[in-house]
Amino acid sequence: MEDVLGLIGSVLASAIRYATPLVLAALGGLFSERSGVVNIGLEGLMLISAFTGVVGAYFSGNVIVGVLFALAGGLVFSLIHAIMCVTFEADQIISGVAINLLALGGTGFLMVLIFGSGGTSPRIGGFSEVPIPLLSQIPIIGPAFFNQSPLVYLMFLLIPLTFFVVYRTPFGLRLRATGEAPEAVDTAGVSVTRMRYYGVALSGLLAALGGAYFSMDQLSAFTERMTAGAGFIALAALISGRWNPIGAAVAALVFGFAQAVTFRIAQDAIPLEFLQMFPYILTIVALAAFGGRAIAPAAVGKPYRKE
Amino acid sequence: MDGGRRGKPVGGVLRRLLNQIGGALVFPLLAIGISFLIGAVIIIATGNNPVAAYVALITGAFGSPSAIGRTLVNATPLVFTGLGVAVAFRAGLFNIGGEGQVFIGAITAAGLGVALGPLGLLATLVCLLGCILTGFLWGAIPGFLKAFFGAHEVVTTIMLNFIAINLATYLALNTLRGEGLVPGTDTVAAAVRLPLIGLGLGRANYGILLGILAAVVAYVLLWRTGRGFQIRAVGLSPGAANYAGMGIKANTVLALAIGGAFCALGGFVQVIGVEGKMSIPFVANLGFNGIGVALLGRTHPVGVVFGALLFGGLQAGAQQMQFATDVPLSLSDVLLAVILLFVTATKIVEFVVGKRARTLAAGTRLDEGLGR
Amino acid sequence: MSETRPGGGAAGASSPVVLEMRDVTKTFGPVTANDHVSLVLHRGEILGLLGENGAGKSTLMKILYGLYRPDWGTILVDGEEVEIRDPKDAVARGIGMVHQHFTLIPPLTVAENIVLGAEPRRGVSLDLNEAIRATERLSERYGLRVDPRARVADLSVGVQQRVEILKTLYREARILVLDEPTAVLTPQETEDLFEILKELVADGLSIILITHKLGELLGVSDRITIIRDGHVVETVNAAETDERALARLMVGRDVLLRVEKVQAKVGQPRLGCEDLVVRSGTGAEAVRGVSLEVRAGEVLGVAGVDGNGQVELAEALAGTRPVGSGSVYLDGEDVTALGADARQERGLAYVPEDRQSKGLVQDFALYENNALKTYDEPPFSRLGWLFPRVMRRRASENLDAYDVRPRDPDARAGSLSGGNQQKAILARELSGDPGVIVAAQPTRGVDVGAIEFIHRQLLEQRERGKAILLISLELEEIRSLSDRIVVMYDGCMVGEMSADEATDETLGLLMAGRGVEV
């Protein structure tokens, strides 16, 4: 009995860790899409941030500086997406694909340039767990929720914070309005352009935290393609969660849970490739079940043109 | 009462064609130009001379028969993935699943090719048809999910990429594993392989002719058949297509399935044409670069062929560039990404040339944003 | 509706000028939308701005509201010259605008919509309670009844319009511009609106009312400025003019307000439906048990305010929308299970109400649009293979016959004007010699010349013995073309009468759901 409870506890802890970058990126995606800009470049944003974070941590020896570098990388790349989509009215999906490719090519390029060779970067000092006194002693859920790294705690805080910002502040009201009916927002004297830039920039910052998790927490180095589709799964979580912070977080947690469970339980029985397929299959099933884009912000995906 | 035009059929067709091509070239050329400009800045930042670098790039792409050969080798699978993306775009759908569809085609070709070795060219034909079939079915999955469940094809095709890559990798390393130092399938018999062109073009094979044939098929499909008419109508105006009695669901599934079939053929030429086997790791980014090729070519089969040649050349030239200067190879990936970034940003033309140029160059629905 | 309003109250040429626009000029490329337009608005008056579609009224008001910048001209508010660069400037100057197409955010509540952009705050968060209170205060003061907590998407059009007005009042507008406010209202809702406007004016506001509906203007405005082809023709006192004179000023010639029509020679029923129930996209029942029939040689007009199920009815009859229950008949045959192309083969032509996104593929050439329904039949195709040259030839013939300009079969459909697009659709639908024609809003947003042409075409078809179902939001059009008229309200057919029996009053009451014994 103890073994089973222990197993549940450790799977839960594992699930939360898997889910962390997904939740962060999904929340980022939420800000972008709520403002009306599709952002399938979350994957690329996470990748480039993972890289710049390692660069920052390596050369400064300080992991917090690394996070700042990660945020900067995510912000710059997301602004590229914003400029292309909002100001130059490029197709938002194509721009997102381009951001992903830019991150792939860019990280490959910079790896050679900065560290001399491709593959994996040199190690850095990453984050380690910070147990919260007393709370981390609670059986089963203690270690899972209260003995995690700072980025995980940050993820927990960002969920209610995002909810508050989106539904309880004027900024959030304007953001949601921009994604539903930009013409209405325009005539109310609020700048659609500015709201969309904010939305996309926030997606860059949040996705950056997700990327930082990969290279500074899960692993303490950067490996090419290390995000392995997390950005897309996060997008699927956002869609399954109906563009709602709580929904998206729950969906991301479910995906994380699925990943944790399959790896824990089936590791020897099933070939690696099939295990790796599982999260993606689950995502497709979730999209088929919940996916109708009928509930997306009404104006998402289209450039706004004043006539 | 302008009836004069009808009296000059040849002149009319030619003028129409030139008008269309001229207008269509503005955006791709602009995107390429901007990309090279940004590339030059990056090259300078690495402490190299951009002129030398670009000269090396171009020489490495088109400067000698062996360079042209390399370009053709790179370009051939891109023609197929470009067509696979372009046909789906014409239906208003994003086929981001090229990566996975290529892998599906590759493993099908490797499997059938090895198994049917003794049949020679007949085996080649069976491989070809087999890839078309498996690609068609794999592409139909996201089509079906979109048509009947409303699941947006962007995310589903991307998820299927990962699934296909894992599946194909597993098969190549386990069920169909071959002997040899390089991990992957067995090598397909020479009799099954696509013949080399020779003429000093290195590994360039007749796959490129197959690619051009595929482009012709795509053109005929889209502009000379009733099905193509439907696909284009659905892509440009689903409301009008529905009003006209065209089935949106059927066309959604078909367009993505056909796209899958074309992309799978990209895997076919890579295995049966270039490599002779499916090795792991397999060629990457064919599907994503297919998107760039399709858009650069304004989703028109002719444009796709030229776009593929450009992309193929860039990749071939990048090796020479790394050799001559020491700009990292990945710059070509960065350049290709920048091209993709700018090729739909039609508003830039306004900044550069003015609003009229933009309306003149309007043609496909791309200018209005493809998001659906 | 046609009683003239005494120019009383605080209005009149004697009260101070609160807004003046002088020599305003705006061009869009080769098109001059406003050509040295000048107008004057006095405090407490209702100024009507009258003109046809495309005359330049909307452009002028968009300039006033800061959505466009004029090429030339000045604007004076309360005698002071101002520069209005964007809506923010306009609002700061006390100018409020209620647009023709509402600028509301459907999933948000009334209160949220009203305060957007000028939200009351409590610290860093949004003070929703204050927003609700503010809405209630305004609602009380001006008699505009709304529920602040209701979702805009759930409200009727008339109530949505009140929210739009409240938006301007929340921002303390003193000059209110309403752009075609009655396009979506029943005659009764229109009267309610005009009562509200009179209240506002009594409170000291000044109003500009943009419309192309002559009769309404006479009922509510003090003065009327007529715009034609981008310039001001004249400004008259409402009390000193009549419909005929206004029409002449608006169009520049004597307009045939009614088309000549011969006596109907009515034959067998050709199109019909029985107990038809049709669901809209949201799953709600849009058509609730409608039965009607259209006979050969007659025009059956379906009147009603937008959104009462007419569109869904037309689509169900044409076959582009599945039927919930009930049946559709074509020449005696039950075609309920048949799709649009099967019905089209049996001689049903359908001109949809939305030429932009339904009637035409905007990015297709005219010859492709001309073959939109027949591309898979000979001579346009055989065994799946298309023959574009044949399509072009046939299209050229059609374009000539129906006066579509430019006559270029390769022209992109979207490059044509609204009227020409509509004629192109008509050319396609009528060239197959259909027996039954369903026409939904065939002249919406179309210039007067094209309207006359289209009306003549429909009447010609009627004389040739075709059965025509005409759906329109314009009572004028219904009255002038129909032999029999039915009214749709809330998905049901609430009245049926011959055209001779119908009066604006009867129809208006039926359209508003205040049933009259049929």
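1. Let us begin where two chains meet. In this predicted model, 40 residues of chain B are in contact with 45 residues of chain A. Five helices of chain B each bring at least two residues to the side that touches chain A: H5 (121-149), H6 (153-173), H11, H13 (331-343) and H14 (347-352). H6(B) gives the largest share of that side, eleven residues. Sorted by class, the side of chain B that touches chain A has 27 nonpolar, eleven polar and two charged residues. If you have the structure open, try colouring H6(B) before you look at the other helices.

2. Now look at chain B by itself. Chain B contains 15 helices and zero strands. Of its 372 residues, 60% are buried. How are the contacts of chain B spread along the sequence? Counting contacts between residues at least 6 apart in sequence, 77% of them join residues at least 24 apart.

3. One helix pair in chain B deserves a visit. H11(B), which you met in the first point as a supplier of residues to the side touching chain A, also packs against a helix of its own chain. H11 (residues 286-296) and H12 (residues 301-324) of chain B pack at an angle of about 130°, and their axes are 7 Å apart. How should we describe the way these two helices lie? An angle over 145 degrees would count as roughly antiparallel, and H11(B) and H12(B) are therefore oblique to each other. The crossing of H11(B) past H12(B) is right-handed.

4. Which residues bring H11(B) and H12(B) together? From H11(B) come B:Asn289, B:Gly292, B:Val293, B:Ala294 and B:Leu296, and they meet B:Gly303, B:Val304, B:Gly307, B:Ala308, B:Leu310 and B:Phe311 of H12(B). By class, the residues of this contact are seven nonpolar, four polar and no charged.

5. Chain A offers a second helix pair to set beside that one. Helix H3 (residues 63-87) and helix H4 (residues 92-115) of chain A pack at an angle of about 150°, with 10 Å between their axes. That angle makes H3(A) roughly antiparallel to H4(A). H3(A) passes H4(A) in a right-handed crossing. On the H3(A) side the contact is made by A:Phe77, A:Ile80, A:His81, A:Met84 and A:Cys85, and on the H4(A) side by A:Gln92, A:Ser95, A:Gly96, A:Ile99 and A:Ala103. The residues of this contact include six nonpolar, four polar and no charged ones.

6. Chain A also meets chain C. This contact draws on 14 residues of chain A and 18 residues of chain C. On the chain A side, helix H7 (170-180) and helix H8 (182-187) each provide at least two residues. Of these helices, H7(A) supplies five residues, the largest share of the side of chain A that touches chain C. That side is made up of seven nonpolar, three polar and four charged residues.

7. With chain C we come to strands. One open sheet in chain C has six strands in the order E6-E9-E10-E3-E11-E12, with mixed pairing. Why is one side of E6 (95-98) and of E12 (231-237) left without a neighbour in the sheet? These strands of chain C stand at the edges and each has a single partner strand, so there is no neighbour on one side of each. From one strand to the next, the twist averages 20°.

8. Stay at the E6 edge for a moment. E6(C) pairs in the parallel sense with strand E9 (residues 175-179) of chain C, over four bridges. Within this pairing, C:Met97 stands opposite C:Val177 in E9(C). Helix H5 (residues 157-170) of chain C packs on the sheet and touches E6 and E9 of chain C, with its direction at about 165° to that of E6(C).

9. Last, find strand E15 (residues 299-303) of chain C. Is E15(C) mostly covered or uncovered? It is mostly covered, as five of its five residues are buried. The burial holds on both faces: C:Val299, C:Gly301 and C:Ala303 lie on one side, and C:Leu300 and C:Val302 on the other. E15(C) runs parallel to strand E22 (residues 467-471) of chain C, joined by four bridges, and C:Gly301 stands opposite C:Leu470 in E22(C). E15(C) also pairs in the parallel sense with strand E23 (residues 484-489) of chain C over four bridges, where C:Val302 stands opposite C:Val486.

How values were computed
Residues are numbered from 1 along each chain as its sequence is written. Chains are lettered from A and ligands numbered from 1 in the order in which they are written. This is a predicted model: local features need pLDDT of at least 70, side-chain atom pairs count only at pLDDT 80 or more; totals for chains, interfaces and linings use all residues. A residue is buried if 20 or more other C-beta atoms lie within 10 Å of its own, exposed if 12 or fewer, and partly exposed in between; C-beta atoms are placed from the backbone. Two residues are in contact if their C-beta atoms, placed from the backbone, lie within 7 Å. Two strands pair if DSSP finds at least two bridges between them. Ala, Val, Leu, Ile, Met, Phe, Trp, Tyr, Cys and Pro count as nonpolar, Asp, Glu, Lys and Arg as charged, and the others, Gly among them, as polar. Axes are lines fitted to C-alpha atoms, for helices over the stretch in contact, and angles run from 0 to 180 degrees between N-to-C directions. Angles under 35 degrees count as roughly parallel, over 145 as roughly antiparallel, 65 to 115 as roughly perpendicular and the rest as oblique. A crossing is left-handed if the near helix is turned anticlockwise from the far one by less than a right angle, and right-handed if clockwise.
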